[in-house]
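Colleague: Got a minute to go through this one with me? I'd like to hear the reasoning behind the labels.

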Amino acid sequence: MVPEPVMAVPVSVDPRKDWRPKVDVAPEVVAQLTHLQHRPLRPGQQVLMALADTSADLLTLAVLLRTWRDRGDAPYLVLVQPNAQLDLQLWDRRSVQSVLPQPDAEILLTLPKGIFEDVFAHVAEHLSPLLDSYQPAALLSQGESDAALACALLVHQQGIKLVRLDGGRRHSPLLRENAVMMDQSADWLYADITTPADDVLRHCGVSPKRVCPTGALSADAWHMLRPRLPSLPQVWLDARVPVWLGPTWLDHHQGEPFAVITLELNANDETATEDCVNSVRELAQSTRIFWLMSRSTRVAMTRWMAHPRRRQWSDVALLWDPAAARLSSFAADAAVNVVRLWCGELPALADQVAVLAASAALLAQPGHFLAEMARPAGIPTLLRSGAEFWLDASAQEEVERHAWDDDTVAQHLLGWGRDTAAANHLRRAEASQTGAAVTIINHMALQQSLAST
């Protein structure tokens, strides 16, 4: 019998009512588990658990689940988020609910930071009872964090099949050993043939018999979402951003190229926030920037911009700030033209992808779902982690990393922003390898059939 889940109570918050910061220093994180069951488990229905600790992982699982449900043979999918304190909510987006479906159940783990032994102990304590209750046939594993590794090792110890959906992918050099351990422990792995994942797995000693080559799940997601994307002018009108940003023709004038940034801020680290904001402002002098912010980043930016001196900046517009109401989407006056950095949230996933598709470049952190979507959309992408940045080149096994330098990064963004073809990314994007979800589902069905004979 599956334990009684905790009921989720939706909370509606209107950030426009009071933009001023009201966030205290975050309390010490305590390990806890929240179990949400959205659909009842039918007798005899196969159960799969799926691990995701980045927004890119969630997008991958949504594509798989959509394909499964379209075929009519979907298992009962239990989503495990080992980093529930992150802002990874993709399921409640109004405009793509029918495209990217909600999992049948969710297990949200909140884990304090610490050494791996402590993380594993917390995961084992909280997750083991649900593993015994659900008795999943396999865990679909992604990511490379300590929490993801702890979940993978726990199910492996309990004799549950471990399946790697991103076999051979290495996002962070600091967590490379975690990814290697999960790859080596997996019963079988799926490797994206548009990346050097297959070679990476071979170098790690993973037998080719356990590896199934696939296309890019991000390409599947792109082709699912693309027909349902809203028009960019409508997105800008809803967000109060000038409609002339992007490949838009208005009054016979071509729109101005812009870059998208998704970097995260920490409300409790003012020094890091100052360094990041100053860098982004410097980049915005080369090409206009839309900073797509998560809720936590908006809180950090609101707190930092509350200083009276910063409130006088005319080159930064906070779209949730009542002061931004003076900036009309159609205005062409000096107040609008002087803004180089537009900061705001977009409530719908489709709106976020529509903005990405119209941009000239993307600057993101590894693991963000827009960085995955940028490849099939043909958007040049820079990735930043700590004080390093690199060009996202998934076809290369070794990516050259550079120390963060505002001038060097600005040269990349400026070069892309002035590209005469920047407004035609959708036309010039290379054909992407699709059908990855179908390949994975068919292979898993075959493996299960062979195991039962």
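Modeller: What follows is a chat about the cores, a cavity and one glutamate in this predicted model.

Colleague: Okay, what makes the largest nonpolar core a core, and how many residues has it?
Modeller: It has 67 residues. A set like that counts as a nonpolar core because its members are buried and joined through side-chain atoms within 4.5 Å. Trp236 and Phe290 have the most contacts inside it.

Colleague: Which residues does Phe290 touch?
Modeller: Setting aside residues up to four places away in sequence, the list includes Trp236, Phe258, Ile261, Leu319, Trp342 and Val355. Another core, of 40 residues, lies apart from that one, with Ala105, Val119, Tyr134 and Leu154 among them.

Colleague: Why is the space lined by Asp198 and Leu201 called a cavity?
Modeller: Because a 1.4 Å probe fits there but cannot get out. The whole-structure search finds one cavity of 30 Å³ or more, and the largest holds about 30 Å³. Arg202, Val206, Pro208 and Val211 also line it.

Colleague: What gives the most to that lining, and what classes are in it?
Modeller: Helix H5, residues 197-203, gives the most, with three residues. By class, the lining has four nonpolar, two charged and no polar residues.

Colleague: And how do you know that Glu270 is in contact with Trp304 and Arg310?
Modeller: Contact means heavy atoms within 4.5 Å, so both residues have atoms inside that limit of Glu270. Glu270 sits in helix H8, residues 270-284. Its C-alpha is 9.3 Å from that of Arg303, which is 33 residues apart from it along the chain.

Notes:
Residues are numbered from 1 along each chain as its sequence is written. This is a predicted model: local features need pLDDT of at least 70, side-chain atom pairs count only at pLDDT 80 or more; totals for chains, interfaces and linings use all residues. Side-chain values use heavy atoms; hydrogens and water are left out. Buried means under 20% relative accessible area, exposed over 50%, partly exposed in between (1.4 Å probe, protein chains only). On a 1 Å grid over the protein atoms alone, a cavity is a set of points where a 1.4 Å probe fits but cannot get out, and a pocket is an open set with protein on both sides within 12 Å along at least five of seven lines; lining residues have an atom within 4 Å of a point. Grid points are joined across faces, edges and corners, and a volume is the space filled by probe spheres set on the points. Helices (H or I, at least four residues) and strands (E, at least two) are DSSP runs, numbered from the N terminus. Ala, Val, Leu, Ile, Met, Phe, Trp, Tyr, Cys and Pro count as nonpolar, Asp, Glu, Lys and Arg as charged, and the others, Gly among them, as polar.
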